[in-house]
Amino acid sequence: MSTRALMRKYGVGFNTVQRALTSALPEPRKKMRPRATRLDPYKPVIDAILRADLTAPRKQRHTVKRIYDRLLDEHEAVDVSHQMVRAYVAARREEIRLQAGKGVVDAFVPQPHRPGTEAEVDFGDVTVRLAGELVTCYLFAFRLSYSGKAVHRIFASAGQEAFFEGHVHTLNVLGGVPTGKVRYDNLRAAVAQVLGLSRRRIEAERWTAFRSHYGIDALYCQPGLRGAHEKGGVEGQIGWFRRNHLVPVPEVDTLAELNAMIDRWGQEDDARRIRSRPRTIGEYFVAE
């Protein structure tokens, strides 16, 4: 198409079309100069307090309230609010620790995924009005890492039977098993014991038999918050699914009725694009 035709089709100017033809990504926004605030005269004072805290006993360091009280008592900062001080300290405290070489920076490397190789599994709790009664149920999610295609199932519990049934349903929908690792946290349905801080686990006997039958290669995440980022894809997927399909709280007579709705939503979600990806989930799943 010509430039003029593009201008007419999208309702934009000549310069916008030229920039789009030059680069598919928009130009980064120019950073605005920070606006002056009533806190500016007192920021050096707060910074000095935070630096002094670096060498103070751990139990005798300044809280936000104590910093605010000192500003009032020692500097008569009556035009500064507690909220302004709290917001500044929240951002500045860690910066000062890093400058002094005492902070820790968490670094994460994006993981590339090949089609059909990896997946993540998790449970998330959801609230459902079931036969007129408000109850807590559990959403099983199995998400392929490459395409982002996820299969969901809601159960009355997160026990081993639900864990197995969720896998059977998922593998039937997907038509196969990932050829690489499937990431799990240390849920009781799969793990009988965590051996120290290593990746070694004593698996539940029935789970070992189940995954061996299907050829599932399990990888267990580190315990606690340190392992949360290792399967962030499925954790984010559960949150997205809950917000977009289970708000407001669904009202159904049976879980079978709700799961039929979930299967339909899953098919509709194949037309969704994840963030700035150029193709839909369904198009990526074709490759898998």
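In this predicted model, E161 and R206 are joined by a side-chain salt bridge with an N to O distance of 3.7 Å. This pair connects distant parts of the chain, with E161 in helix α6 (residues 160-174) and R206 in helix α7 (residues 205-214), 45 residues apart. The whole structure contains 11 salt bridges; a selection is described below, followed by helix α8.

**Accessibility of the E161–R206 pair**
- E161 is exposed, its relative accessible area being 53%.
- R206, at a relative accessible area of 47%, is partly exposed.
- Elsewhere, D47, R92 and E95 form one network through salt bridges that share partners.

**Salt bridge between two loops**
- K149 and D270 form a side-chain salt bridge of 3.1 Å, N to O.
- This contact also links distant parts of the chain: K149 belongs to the loop between β2 and β3, and D270 to the loop between α9 and α10 (281-287), 121 residues apart.
- K149 counts as buried because its relative accessibility is 8%, under the 20% limit.
- D270 is partly exposed, with a relative accessible area of 23%.

**Salt bridge within helix α4**
- The closest N and O atoms of E74 and R70 lie 2.9 Å apart in a salt bridge.
- Both residues belong to helix α4 (residues 64-75) and are four residues apart, about one turn of the helix.
- E74 is partly exposed at 47% relative accessibility, and R70 is partly exposed at 23%.

**Helix α8**
- Helix α8 (residues 232-245) comprises 14 residues and spans 20 Å from first to last C-alpha, close to the expected 20 Å.
- Its buried residues are V234, Q237, I238, G239, F241 and H245.
- The elements covering these buried residues include β1 (119-130), β2 (133-144), β3 (150-155) and α9 (255-269).

Methods
Residues are numbered from 1 along each chain as its sequence is written. This is a predicted model: local features need pLDDT of at least 70, side-chain atom pairs count only at pLDDT 80 or more; totals for chains, interfaces and linings use all residues. Side-chain values use heavy atoms; hydrogens and water are left out. The expected span of a helix is 1.5 Å times one less than its number of residues. Buried means under 20% relative accessible area, exposed over 50%, partly exposed in between (1.4 Å probe, protein chains only). Contact means heavy atoms within 4.5 Å. A salt bridge is a side-chain nitrogen of Lys or Arg within 4 Å of a carboxyl oxygen of Asp or Glu.
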